[in-house]
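Colleague: Could you take me through one part of this model in detail? I would like to understand how two of its neighbouring pieces meet, and what surrounds them.

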Amino acid sequence: MKKSLATLIDEFTVTNIKIYHLTEKKKHTPEDAKKLEDLNKYHSELSSALNKSKAMKKSLATLIEELTVTNIKIFNLVDKIRANKHTRLDAKKAQDLNHYRSELCNSLSREFKERENIKI
């Protein structure tokens, strides 16, 4: 059965999150190394499937991957800010990442011929 674009995007996003969390771990086990290898292989397969959709300045998979990583970074900074354990640099990073996130979302909106979010 062929996977839908929505399913590919969902699986790609979850795979990116799993890879991110594994690479951020302080201590790695041999099982972690095997999981990371398997996830990277699956990531590559999903990326290839997504990139076959259309030609763009950046591939669809790259845009989604960048958006996933950006959202994770924003999420971590927002947690830090809410706990009042942030610096001015953290607040600036969160603002810059939100700006970049808007640019990525607008790129995806243009690709799917949807209305752009002008929050740049």
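Modeller: Happy to; here is a close look at the contact of helix 2 with helix 3, followed by the core and two residues further along.

Please keep in mind that this is a predicted model. The protein chain holds four helices and zero strands, so its elements read α-α-α-α when you start from the N terminus. Of its 120 residues, 27% count as buried.

Now to the pair itself. Two packed helices are described by the angle between their axes and the distance between the axes. For helix 2 and helix 3, the axes come within 7 Å and cross at roughly 125°. That angle falls between the range of 65 to 115 degrees for roughly perpendicular and the limit of over 145 for roughly antiparallel, and helix 2 and helix 3 are therefore oblique to each other. On the helix 2 side, the residues that meet the partner are His 43, Ser 47, Leu 50 and Asn 51; on the helix 3 side they are Leu 60, Ala 61, Ile 64 and Glu 65. By type, the residues of this contact divide into four nonpolar, three polar and one charged.

Some of these names come back in the largest nonpolar core, which has eleven residues, including Leu 50, Leu 60, Ala 61 and Ile 64. Among the other members are Leu 8, Phe 12, Leu 104 and Leu 108. Helix 1 (5–24), helix 2 (30–51), helix 3 and helix 4 each give two or more residues to this core, and helix 3 gives the most, with five residues.

Following helix 3 (residues 60–82) along, you come to Lys 73. Its relative accessibility is 40%, so Lys 73 counts as partly exposed. The C-alpha atom of Lys 73 is separated by 8.0 Å from that of Ala 94, although the two residues are 21 residues apart along the chain.

Helix 4 (residues 88–111) contains Asp 90, a charged residue that counts as buried because its relative accessibility is 6%, under the 20% cut-off. What does its side chain reach? One polar contact, at 3.0 Å, is with the side chain of Lys 80. The side chain of Asp 90 also reaches the backbone nitrogen of Thr 87, at 3.0 Å. Leaving aside residues up to four places away in sequence, Asp 90 touches Leu 77, Lys 80 and Lys 85.

For the chain as a whole, among contacts between residues at least 6 apart in sequence, 57% join residues at least 24 apart.

How values were computed
Residues are numbered from 1 along each chain as its sequence is written. This is a predicted model: local features need pLDDT of at least 70, side-chain atom pairs count only at pLDDT 80 or more; totals for chains, interfaces and linings use all residues. Side-chain values use heavy atoms; hydrogens and water are left out. Buried means under 20% relative accessible area, exposed over 50%, partly exposed in between (1.4 Å probe, protein chains only). A polar contact is a pair of N or O atoms within 3.5 Å; within protein, one must be able to donate a hydrogen and the other to accept it, and residues adjacent in sequence count only if both atoms are side-chain atoms. Contact means heavy atoms within 4.5 Å. A nonpolar core is a set of buried Ala, Val, Leu, Ile, Met, Phe, Trp, Tyr and Cys residues joined through side-chain atoms within 4.5 Å. Axes are lines fitted to C-alpha atoms, for helices over the stretch in contact, and angles run from 0 to 180 degrees between N-to-C directions. Angles under 35 degrees count as roughly parallel, over 145 as roughly antiparallel, 65 to 115 as roughly perpendicular and the rest as oblique.
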